[in-house]
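Thanks for making time this morning; I would like to take you through one structure, and please stop me whenever something is unclear.

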Amino acid sequence: MSSEYQRKWRRRRARVDALVEHDSSSESEGSVEPVLVEEGDHFTEESTCDEFHPMEGCSSSIGTAAESLSDSTKSEPLDEPLHSTVETPSLHNDLASWATATNQTHKALNELLHVLRRHGHRLPKDARSLLDTPKGVPVQNKCNGQYIYYGIERYLLEHFLKETLPGQVKLCFNVDGVPLFKSSKMCVWPILGQIQNSQPFIVALFYGSSKPDSVEEFLQDFVEELQQLIQNGISFQNLVHSVTVKAIICDAQARAFLKCIKSHNSLHGCERCVAVAQKIEGRVVYLTKGPTEERRDEVFSQAGYSDHQKQISPLVRAGILCVKQFPLDYMHLVCLEAMKRLLTYLWRGPDICRLSKAQSEQVEKNISQLKGALLAEFSRQPRSMEELDRWKATELRQFVLYTGPSALHRTILKDVLLDDQYHHFLCLSVGMTILLDEDNTKDRCGQGN
C-alpha cells in the first residue's frame with residue numbers, strides 16, 4: 001500500500017469526521033458553520049453540505065464508506081488502513097521494548113523494519129531511531145583517562161518495575177581491569193553491581209591506557225551515591241527499601257587498589273591477619289605457626305595498620321567494612337595460584353621435588369584412564385600435564401577437589417608421590433573441601449551436629 005494512498009485516505013477521513021461532527025451540531029443547534037479542512041500542509045475553511053463528494057483518485061469503496069459515515073452520527077468499525085495508522089505509536093513502543101528485552105541486533109531490527117514498512121506500517125527506517133539511541137555519551141576526562149558514571153539508583157528503579165523485591169536490597173560490586181586488545185595497552189575498568197541473583201549492571205566505566213591514577217576520583221561518584229542509598233534507602237511506590245552492601249568481589253590487585261593497601265606479595269600483605277611474611281629465595285612465604293591476631297575493621301577504618309595501609313580508603317566513608325566485606329576468592333588464590341604452582345613444581349620444578357620420568361609417565365597414564373569416564377556434572381575431561389599452562393581454573397579446581405585425591409576408585413597422585421608430598425597435597429584438598437561446603441552445620445567428619 002503506497003504512502004500517497006494513505007495520505008489521501010487520511011485527508012478524506014478528516015473531512016468525513018468534520019462533516020459528521022457538523023451534522024450532529026446542526027441537528028442540535030440548527031445552524032450551519034464553516035469547517036476547517038486539511039489541504040496539503042495547511043487548513044482551509046469550507047462550508048458544509050448535505051452530501052460528501054470524495055476527491056479524485058479515491059476508490060469507490062472508500063467513497064461509499066465516507067457517504068455512509070456522513071449519513072450517520074454513530075462510529076462504524078474502522079477498516080484496515082485506519083487500523084494501521086491508529087496502532088502506529090503502540091507498535092513503535094512495543095517493538096522497541098521487545099528489541100531491548102531480547103537483545104536484538106541492529107541488523108535484525110533494520111531488516112524487520114524494512115518488511116513492516118513495506119506492508120504499510122509507519123515506522124522509522126533505522127533501529128537507532130526506533131530505540132531512540134542517544135547520539136553522544138557524556139564522558140568526563142579524569143583519572144588519566146575517560147570516565148562515565150551511570151549510577152546505582154537508576155538501575156534499582158528499573159529493576160523494581162520488573163520484579164518485586166523484599167524491603168532490603170543486598171548489593172554486590174566488582175571492580176577489575178579488562179584489556180581490550182592484544183596489540184594495545186588500552187583497557188577498561190568497570191564498576192559492576194548485582195542485585196542478589198539478577199544480571200549484573202554497569203555502575204561506572206573507566207577507559208585508559210592503565211588503571212585509574214587516583215582512587216579518590218575514580219570512586220567519588222560511586223561512594224557519594226552509595227552513601228546516600230545506605231543512609232536514606234530508595235523510595236518506590238510509596239515504599240522505602242533499605243540498601244546494604246553484601247560484598248565487594250575483586251582479585252588481589254583490585255583489592256589492593258580499592259582498599260589502599262600494600263600488594264599481596266609484600267611482607268605485610270595479608271588481608272586477614274597481622275602475620276609478617278619472609279622472603280626466601282626471592283619468594284614471599286608465611287612461616288608463622290599457630291594463630292595470629294586478626295585484622296579488625298575498627299582499626300582499619302582509622303588507618304591503624306600503618307605497615308599494611310597506604311591511606312584511608314574512600315570506601316570507608318560509605319560505611320564499607322574493608323576487611324569483612326572483601327572476600328578472598330579461591331579461584332585466584334587456590335586454583336590459579338597454589339594448585340597450579342604445586343603441579344608446576346612437580347612436573348618441571350627443581351630436582352628436590354620434580355617427578356622422575358617413570359613417575360611422570362604413571363601420572364599421564366592415570367589421567368588418560370579418566371578421560372571420557374567422568375560424569376556429565378564435570379564441565380571438562382582431564383587434560384595431559386603437558387598442557388598444564390593452558391589449564392582453566394575449573395580444571396585446576398577439579399584436580400584439587402576430585403581427580404587428584406580420588407576419582408572413580410582411581411587416583412592420579414597416590415602411589416606416585418612420596419608420602420610427605422602426598423600428605424601435603426591432601427591437606428590442601430581436605431581443607432578446601434571443608435571451606436567450600438555451604439552447609440555450616442557439618443563438623444569436620446561431614447556429619448551434622
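I will go through the pockets, then a cavity and the helix beside it, and finally a set of paired strands.

Before anything else, please keep in mind that what you have in front of you is a predicted model.

Let me begin with the open spaces. The largest pocket holds about 2000 Å³ of space, and 36 residues line it, with Val-284, Val-285, Tyr-286, Ala-338 and Arg-341 being the closest to its centre. If you want to find this pocket by secondary structure, look for helix H8 (252-259), strand S12 (283-285), helix H10 (330-348) and helix H13, since these are the elements that give two or more residues to its lining. Which of them contributes the largest share of the lining? That is H10, with eight residues. As for the chemistry of this lining, its residues divide into 18 nonpolar, eight polar and ten charged.

The second largest pocket has a volume of about 610 Å³, and it is lined by 18 residues, among which Thr-100, Asn-103, Tyr-155, Glu-158 and Lys-162 lie nearest its centre. At least two lining residues each come from helix H3 (80-101), helix H6 (153-162) and strand S8 (201-208), and of the elements H6 gives the most, namely five residues. Sorted by class, the lining of this second largest pocket has eight nonpolar, six polar and four charged residues.

From pockets I turn to cavities, of which there are four when we count those of 30 Å³ or more. The largest cavity has a volume of about 60 Å³, and the residues that line it are Ile-367, Gln-381, Pro-382, Arg-383, Trp-391, Glu-395, Gln-398, Phe-399, Thr-403 and Ile-412. By class, that makes five nonpolar, three polar and two charged residues. Helix H12 supplies the largest share of this lining, with four residues.

That brings us to H12 itself, and to the helix it packs against. In general, two packed helices are described by the angle between their axes and the distance between the axes. Here the axes of H12, residues 393-403, and H13, residues 419-435, come within 9 Å and cross at roughly 100°. Because angles of 65 to 115 degrees count as roughly perpendicular, H12 is roughly perpendicular to H13. On the H12 side the contact is made by Phe-399, Val-400 and Leu-401, and on the H13 side by Phe-425, Leu-428, Ser-429, Met-432 and Thr-433. How many charged residues does this contact have? There are no charged residues in it, and the remainder comprises six nonpolar and two polar residues. You may have noticed that Phe-399 has now come up twice, as it lines the largest cavity and also takes part in the contact of H12 with H13.

Finally, the strands, where S10 is the one to follow. Strand S10, residues 239-249, runs parallel to strand S5, residues 168-175, and seven bridges join the two; within this pairing, Phe-173 has Ile-248 of S10 as its bridge partner. With strand S9, residues 234-236, S10 runs antiparallel, and here three bridges join the strands, with Phe-236 standing opposite Leu-239 in S10. S9 and S10 form a hairpin that has two residues between its strands, and in that turn Gln-237 has a positive phi of about 50°.

I will stop there and take your questions.

Conventions:
Residues are numbered from 1 along each chain as its sequence is written. This is a predicted model: local features need pLDDT of at least 70, side-chain atom pairs count only at pLDDT 80 or more; totals for chains, interfaces and linings use all residues. Side-chain values use heavy atoms; hydrogens and water are left out. Axes are lines fitted to C-alpha atoms, for helices over the stretch in contact, and angles run from 0 to 180 degrees between N-to-C directions. Angles under 35 degrees count as roughly parallel, over 145 as roughly antiparallel, 65 to 115 as roughly perpendicular and the rest as oblique. Contact means heavy atoms within 4.5 Å. Ala, Val, Leu, Ile, Met, Phe, Trp, Tyr, Cys and Pro count as nonpolar, Asp, Glu, Lys and Arg as charged, and the others, Gly among them, as polar. On a 1 Å grid over the protein atoms alone, a cavity is a set of points where a 1.4 Å probe fits but cannot get out, and a pocket is an open set with protein on both sides within 12 Å along at least five of seven lines; lining residues have an atom within 4 Å of a point. Grid points are joined across faces, edges and corners, and a volume is the space filled by probe spheres set on the points. Two strands pair if DSSP finds at least two bridges between them.
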